[in-house]
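Hi there,

Here is the structure I promised to pass on to you. Please have a look at it first, and then read my notes underneath.

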Amino acid sequence: MYRQSDSRSELNLHDLLNQIGNGCHKSAATLFRQHHRALYAFIRLRVGYDEAAEEIVNDTFMVAFRKPHRFNGQCDYRTWLIAIAKRLCSNWLRKNAKVRQVETEALSDDHAEMIPAETIAALELLEAQELKDAMQICIDRLPERQREAIYWHWHQELKLSDIATNMDCSEGTIKTQLHHARNKIINCLRQAFGLNTACA
Amino acid sequence: MPESHKTLQSQTTGDWIGLQIHRAVQAIAPPQPEGVAVERMLTAYRRHYRFYRLKRVFGFSCISGSGIAVAITSWADIEWAELIQTLFEWFSRPLALKFTQSFAAFMDLLG
């Protein structure tokens, strides 16, 4: 997790925000470089489209840079940016409801824990790129909350307690979300590669 | 490689799929190179800041312009004779009082 752990980095952030308020584009570029990849991953997981994700990343930074003094330091700067991004993603999803019709209902998480050894062996034999693409498709088909939990857990590598705070729910709920997400992805991979779903 | 025809334990499956998810999400990266993305954002930022400064200058100009216009109108509306008379009264009255007091003291001294 990105944290402004020491006072020095907090001071730097404070300085950068002040400079951004005064129109310093170098400071804007510095902050952008620090956060844009993580923000892009969050938004891409949320909306499912590369172009839209890039657009929303830009919009998020512009919202943040227009009023830099609004960041009060009570949370991570990145968490604050993600809160802005969440709102922008919701707007985008509302406007593009027809575009984003992903069949999440088709994914079941039944019996995924009893995955046969040969299924994994077969998946291991796939080319890395092929597996990565399939994984991306399967992740895109998950419900929104599960995708968000995946982001915090596997991208930002946060502790469950931190994820629970960010997602405003209990640790138990996060565990359940991650468990269902894993099982749905396994079943999605089986469907995608036509692998046997029967248990030994 | 796990043994064939043997069901994996849920822990192993979870680890494997966890690793795959980790790889997949870590691999999510913007399609454009970082330099292009930075330049794109900076263009928008510069445009915003130019507009923001213009807006500020225009705002201050409007406020200053209105202030000057009000001042000119007020200047023309002032009843100058009345104002001077009032000012004169303000300053002259204490002076006259002071003079009267001094004169009375002088007369007392003379007896």
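Below is what I found, chain by chain, with a closer look at one residue at the end.

Please keep in mind throughout that this is a predicted model.

Let me begin with chain A. Its secondary structure consists of 9 helices and 0 strands, so if you walk along from the N terminus you meet α-α-α-α-α-α-α-α-α. Chain A has 200 residues, and 34% of them count as buried. Looking at contacts in chain A with a separation of 6 or more, 69% are between residues 24 or more positions apart.

Chain B also has 0 strands, with 3 helices, and its pattern along the sequence reads α-α-α. Of the 111 residues in chain B, 10% are buried. The domain assignment splits chain B in two: domain 1 covers 34-77, and domain 2 covers 79-111. Between the C-alpha centres of these two domains of chain B there are 53 Å.

Now for the single residue. Where in chain A does His14(A) sit? You will find His14(A) in helix H1, which spans residues 7-21. Is His14(A) buried or exposed? The answer lies in between: His14(A) has 15 other C-beta atoms within 10 Å, and therefore counts as partly exposed, since buried would take 20 or more and exposed 12 or fewer. If you would like a distance to check in your viewer, try His14(A) and Asp133(A): they are 119 residues apart along the chain, and their C-alpha atoms are separated by 40 Å.

Best wishes

Terms used: Residues numbered from 1 in each chain as written. Chains lettered and ligands numbered in written order. Predicted model: local features only at pLDDT ≥ 70, side-chain atom pairs only at ≥ 80, totals over all residues. Domains from an automatic or database assignment. Helix = DSSP H or I, 4+ residues; strand = E, 2+ residues; numbered from the N terminus. Contact = placed C-beta atoms within 7 Å.
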